[in-house]
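Let's take a walk through this one, going from a pair of helices out to the place where two chains meet. Keep the viewer open and follow along.

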Amino acid sequence: MDRFSRDIIQLIFSKLPAKNLVKLRCVCKRWNREDNRFWEIGCHDIPEFNLDEYKLGSSCNGILCFSRETRDHIWMAYLLNPCRKEILKLPPHDLKAQSYIFNRKYGLGFDRATSEYKVVCISLTIPRESGKRSAETEIYTLGSKSSSSRSWRALSQDIPSLITRFESIFYTGDGDGDHHIDERAIYAGGVLYWVNSEKREELYYFGDNTESNYFEETYYNKLFTFHMGKEEFRLISHPNVKHYYYSYHLVDLRGVLGFVGHSAVDLSHIKVWTLEDYDGELWSKRYSIKIGGVPKYNATHVIGPWENGKLLLRYRNSFVAYNPNTHTLINIRIPQLKPSTLAFSFTGSLVSLFCFKVEEGEKLVVEDQSF
Amino acid sequence: MSSSSTTTTTTRLLMLKASDGVTFEVEEAVATKLGAINNMVEEEGSEDLICLPNVNGKFLGMVLEWCKKHANNNTNSDKGNDEVNKWWDKEFVMDLDQNTLYHLLMAADYLSGTELVDLLTEKVASMIRGKKVEEIRETFKIKSDFLPGQEEEIRKKNSWAFE
């Protein structure tokens, strides 16, 4: 093993999770010394973000994408790798003075074909001239070589009609006020997914009946998606599309999208579907989890995969691991967590943000725990 | 190892000569799965005998065996072939001892067999994944060469990984 060339060693190390890599540092001097690209870690604590100020767009391969709107209504996007304590501030957008930016969504994903990270920004704008809502999409590419873009570029696909019809993805549907769960995009297997956070009842109450019925049939049962490789927006039907889910959320199950639904027919179970085929919109039913005894069924969230094929679930401030083989729930003690703290599945990686060439962007190294 | 006996349309045969003089006759389509050989064929064109002074016969044979299996399975562009390849890859790396794994990986790397290198490095990674420092040292027969206290310092600095 110690006879391998540096290239081979790096290839092997790139296949290992962050925790394993850190352990390799202790094996011998050479491995401790090996290329700093893999080794520079000092992750005692993950920097704390004030979520009121910074909004989490999405997370992908151990990198988190945040955005912030300043008091002067200037939007900034940040990438953070907590395992490396690196933060990258992306260059500002071209200021379009003629438009008022109503809201913005950011999402980070990975294009597997080109090995590039892409930050997608969807802006809901109201152009001063027309006063009519429209949407613009911009992309910022981060590649390891010279492929990093110099600035945000506008996406050519004409999506305004799709987005303005689907603008409810912009409303923060925080369900019962416990979690900011619906704000994020979920990245899984090369695609970003957003949920339509608007509830069915609200659709009935607001607007006239025909309009809401139309909306419901066409859009309510859909997810809003962006394919990183094709750079294409789409709507994808929910699993079991005729079925009415009282509430639902999305989760990344190791590269596969999971749809967690609370059925209105059966309140004692939550059902988890996985999207097996993106193009064919093929879902398969994976888990049916009995949550009897939990008073507020729609406050139960699937956080993500847990060890040995289990799933980690959260109800308010408590966590349980679900074992699909035995259908049992085991309490997990995670201390010092406020009910309002966002919890999500995260796989540490040692991808260095500073390998990306970003013009005008700022590179910051987090020295202390908060910033 | 002799060339495949299937009598399809006349495919060009290449002669590959390993460092120990052992020669292999392989179909061009099989050998060009290796980037290095593909380059040589494209650059030199008419050359039918290719000398590979950095690989010995045993490991060249194994690399070519892998290429052949993958070339055969890829002729029909069926989705099931992915499964067949995966299953076959699993068998291929299952019982490799460390010495063979090392030489095979060096050979695959030298011949620019990207897919095979990927498969073999994954095998090595699987031998490290989830293991303790002591176990990794034992697996790869590595002795710690740290001065007293140095290892503890690294552990302390990265305590999160040892929880």
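Start in chain B, where α5(B) and α6(B) cross in a left-handed way. Bear in mind as you look around that this is a predicted model. Two packed helices are described by the angle between their axes and the distance between the axes. For α5(B) and α6(B), the angle is about 145° and the axes sit 9 Å apart.

Now zoom in on the side chains and backbone at that crossing. From α5(B) come B:Gln98, B:Leu101, B:Leu104, B:Leu105, B:Ala108 and B:Asp109. They meet a set from α6(B): B:Leu116, B:Val117, B:Leu120, B:Thr121, B:Lys123, B:Val124 and B:Met127. Sort the residues of this contact by class and you get 9 nonpolar, 2 polar and 2 charged.

Stay with α6(B), but bring chain A into view. Helix α1 of chain A, residues 6-14, has an axis that comes within 8 Å of the axis of α6 of chain B, residues 114-128, and the two cross at roughly 60°. This crossing is right-handed. On the chain A side, the residues to pick out are A:Ile8, A:Leu11 and A:Ile12. Their partners in α6(B) are B:Val117, B:Thr121, B:Val124, B:Ala125 and B:Ile128. What classes do these residues fall into? They split into 7 nonpolar, 1 polar and no charged. Look back at B:Val117, B:Thr121 and B:Val124: they also turned up in the contact with α5(B).

Time to pull back to the whole interface. Here 35 residues of chain B are in contact with 28 residues of chain A. Together the chains bury about 2,900 Å², with 69% of that on carbon and sulfur atoms. How many salt bridges run between chain B and chain A? The count is 0. The interface does have 2 residue pairs in polar contact, both at pLDDT 80 or more. On the side of chain B that touches chain A, the elements giving two or more residues are α5 (98-110), α6, α7 (133-139) and α8 (150-157). Of these, α6(B) provides the largest share, 7 residues. By class, that side of chain B has 16 nonpolar, 6 polar and 13 charged residues.

Salt bridges do exist elsewhere: the structure holds 13 of them over all chains. One to find is A:Glu138 with A:Arg104, whose closest N and O atoms are 3.7 Å apart. A:Glu138 lies in strand β7 (residues 134-142) and A:Arg104 in strand β5 (residues 99-111), both of chain A, so this pair ties together parts 34 residues apart in sequence.

How values were computed:
Residues are numbered from 1 along each chain as its sequence is written. Chains are lettered from A and ligands numbered from 1 in the order in which they are written. This is a predicted model: local features need pLDDT of at least 70, side-chain atom pairs count only at pLDDT 80 or more; totals for chains, interfaces and linings use all residues. Side-chain values use heavy atoms; hydrogens and water are left out. Axes are lines fitted to C-alpha atoms, for helices over the stretch in contact, and angles run from 0 to 180 degrees between N-to-C directions. Helices (H or I, at least four residues) and strands (E, at least two) are DSSP runs, numbered from the N terminus. A crossing is left-handed if the near helix is turned anticlockwise from the far one by less than a right angle, and right-handed if clockwise. Contact means heavy atoms within 4.5 Å. Ala, Val, Leu, Ile, Met, Phe, Trp, Tyr, Cys and Pro count as nonpolar, Asp, Glu, Lys and Arg as charged, and the others, Gly among them, as polar. Buried area is the accessible area (1.4 Å probe) that two parts lose on being put together, summed over both. A salt bridge is a side-chain nitrogen of Lys or Arg within 4 Å of a carboxyl oxygen of Asp or Glu. A polar contact is a pair of N or O atoms within 3.5 Å; within protein, one must be able to donate a hydrogen and the other to accept it, and residues adjacent in sequence count only if both atoms are side-chain atoms.
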